[in-house]
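Visitor: I've got a structure open and I'd like to learn how to read it. Could you walk me through a few features?

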Amino acid sequence: MEPTPAKLLWNGDTAFTVEFGESINGDLNDRVLALDGVLRETGLDGIVETVPTYRSLTVHLDPVAVDPSTLAANVLSLAQHKVGPAIRSRTWRIPVVYGGEFGIDLEAVASHHGIGADEAVNIHASAEYRVFMLGFLPGFAYLGGLDPRLALPRRVNPRSITPAGTISIGGAQALVASIAAPSGWHLLGRTPVRTFRPGDDPIFLFEPGDRVRFEPIDADRWDELDRAAQAGERIAGFVEE
Amino acid sequence: MSGTALVVLRCSGLASLQDGGRPGYQRYGLSVSGPMDPLAMASANALVGNAPAVSAVEFGLGGGSFRAEGAELHLAIAGAVGVVTVDGRPLIGSRSFTLSDGAEMTIAPPRQGSFGYLAVAGGWLTKPVLGSVALHLRAGIGSLAGTPLKDGDRLKATPTSRRLPDYALESAPLYGGEPIRVILGPQEDHISDDGLRTFLGKVFTLSHQADRMGYRLDGPAIAHGAKGFNIVSDGTAPGSIQVPGNGSPIVLMADRQTTGGYPKIATVISADLRRVAQRRPGDEIRFAAVDLATARDAARALASRIRDLPRSLRDAEMAEIERLSRANLAGDVVDAMAEQP
């Protein structure tokens, strides 16, 4: 089946978005990352930076340096190319303390689905996720791949603050939060991994397209790992593919 | 404690260092930051011989008092600042001046507009993070320690090697009364026809929920259409106007979220975003739709205006004499201090 043609949406005179669809799925995200890769290789004049999201690529441009319409037409023609499946990525292993004070919504999520907390943890930790998008705040990783057995709408009353490292779910999505922030999602656990480390290189742990697996750890290991992470140690394991 | 610096004795509002910002990291969720009013920052920089995006102090609805330490400093102010007093002498408008070693100055909060800039010849010296010294408050990076400037901070500068003349610049209107120009979309199809008429036809006012991340507007609710008020999150741009479920629009500013899940009815054109930024809570705002070509012409006009700033400089003494005589001819009472709150 031929993929649907990409759509051009204007974000004023300094950006446009190439939209491949309106849903969350791996095929759309493949096309987003493929176009992102092509543009980064091609280096078209006037592009300032590109932002891959679930289903579209936003291109930021300098309207003084280039005619935005011409640039958009060139990008759109590159977007119609067929996409190969091979996108190089890494798989991260992220240690998580589930439940209790680390994941205050775990029990409620489990009972909502009529399962035990242990089973909810097991379901969450046995899936392989993909970083569909980094956005909202620095280093916030939006993951696809949540088992539908855990999916549930966001909370009616968002919390005004949730801690850095929060592992949460909302709708069909899963999230690794890098810094403290308000959230209306369900908090399952917390990781001591710093996914945003100002002053370090690289400053961000994840790249769009990376794979993520969660590894349950005991709460009594938190302090040790948190101290190590604080000291700059990289406590997330990874496998390069 | 040595070297040349401007010591912050006291400051109010949100004061931070800004420069051209840090493009290239939006793909990781980090927005660009940089000045809320690039023209005003470029003006302050031009007055002391700097390039437009050299680091300057940005004052958000505030001011402060300061002391030069280690050497005299060649400084300039522009944008929304109140009266500047140097050694008891008031200075008005966008201009440069010298603060001698050990001398103190005060900058009063603005009576109009929101963002003012303090530049120093050569720029303020601090370690950049990801290529920029611009404060990004939510990320906790930039400026001196990832936080707003506070009492006791020391802003380091290069000692002035030669005495620069004092210049003045005709102050640009901070925002003016004309509507803010927007390009409709990218999700205007989530807004009903009534909602679009409300957006383009009614007057909004800036609410108190306004910071470097976004400006929430009060006014008539903008009605969504059949597609509702949730989208699968996609990229935002500076000036994106989101319409959340309650129908009150939010204009995204320099420290905005890089992605968002509310439909965006329109985007403020780049040349007009500074005119939104300089508004303060309670100020009115209207929108008018334009096309891409108009927006690009405006962007180029603003860029050439910034490029031409060094050629627009005037002798500060002459500018002051002209200002005073104009005021006298108009029958105004000449009392500079009256501008101080």
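Guide: Sure. Start with pairing: two strands pair if DSSP finds at least two bridges between them. Keep in mind that this is a predicted model.

Visitor: Okay, so which residue stands opposite L187(A) in β12(A)?

Guide: That's S168(A). Zooming out, strand β9 (residues 166-170) of chain A is joined to β12(A) by 4 bridges, and the two run antiparallel.

Visitor: How many bridges join strand β5 (residues 90-98) of chain A to β12(A)?

Guide: There are 2, again with the strands running antiparallel. Look at Y98(A): its bridge partner in β12(A) is G189(A).

Visitor: And how do I read burial for that strand?

Guide: Count neighbours: a residue is buried if 20 or more other C-beta atoms lie within 10 Å of its own. In strand β12 (residues 186-190) of chain A, 5 of the 5 residues are buried, so the strand is largely enclosed by the rest of the structure.

Visitor: Let's try chain B. In what order do the 7 strands of its open sheet come?

Guide: A general idea to carry along: in a regular strand the side chains alternate between the two faces of the sheet. Here the order is β2-β3-β10-β5-β8-β13-β24 (chain B), with antiparallel pairing. The edge strands are β2 (14-18) and β24 (314-315) of chain B, each pairing on one side only.

Visitor: Can you show me one pair inside that sheet?

Guide: Take strand β5 (residues 73-79) and strand β10 (residues 115-120) of chain B, which pair in the antiparallel sense over 5 bridges. Within that pair, I77(B) has L118(B) in β10(B) as its bridge partner.

Visitor: Now domains. How is chain B divided?

Guide: Into domain 1 (5-172 + 315-339) and domain 2 (180-302). The C-alpha centres of domain 1 and domain 2 of chain B lie 29 Å apart. Their contact takes 18 residues from domain 1 of chain B and 12 residues from domain 2 of chain B. On the domain 1 side, the residues touching domain 2 of chain B divide into 8 nonpolar, 8 polar and 2 charged.

Visitor: Last one: what about the contact between the chains?

Guide: The size of an interface is often given as the accessible area lost when the parts come together. Here we count residues instead: 39 from chain A and 38 from chain B. Elements giving two or more residues to the chain A side include α2 (68-79) and β6 (129-134) of chain A. β3(A) gives the most to that side, with 5 residues. By type, the chain A side divides into 21 nonpolar, 14 polar and 4 charged residues.

Methods
Residues are numbered from 1 along each chain as its sequence is written. Chains are lettered from A and ligands numbered from 1 in the order in which they are written. This is a predicted model: local features need pLDDT of at least 70, side-chain atom pairs count only at pLDDT 80 or more; totals for chains, interfaces and linings use all residues. Two residues are in contact if their C-beta atoms, placed from the backbone, lie within 7 Å. Ala, Val, Leu, Ile, Met, Phe, Trp, Tyr, Cys and Pro count as nonpolar, Asp, Glu, Lys and Arg as charged, and the others, Gly among them, as polar. A residue is buried if 20 or more other C-beta atoms lie within 10 Å of its own, exposed if 12 or fewer, and partly exposed in between; C-beta atoms are placed from the backbone. Domain bounds come from an automatic or database domain assignment.
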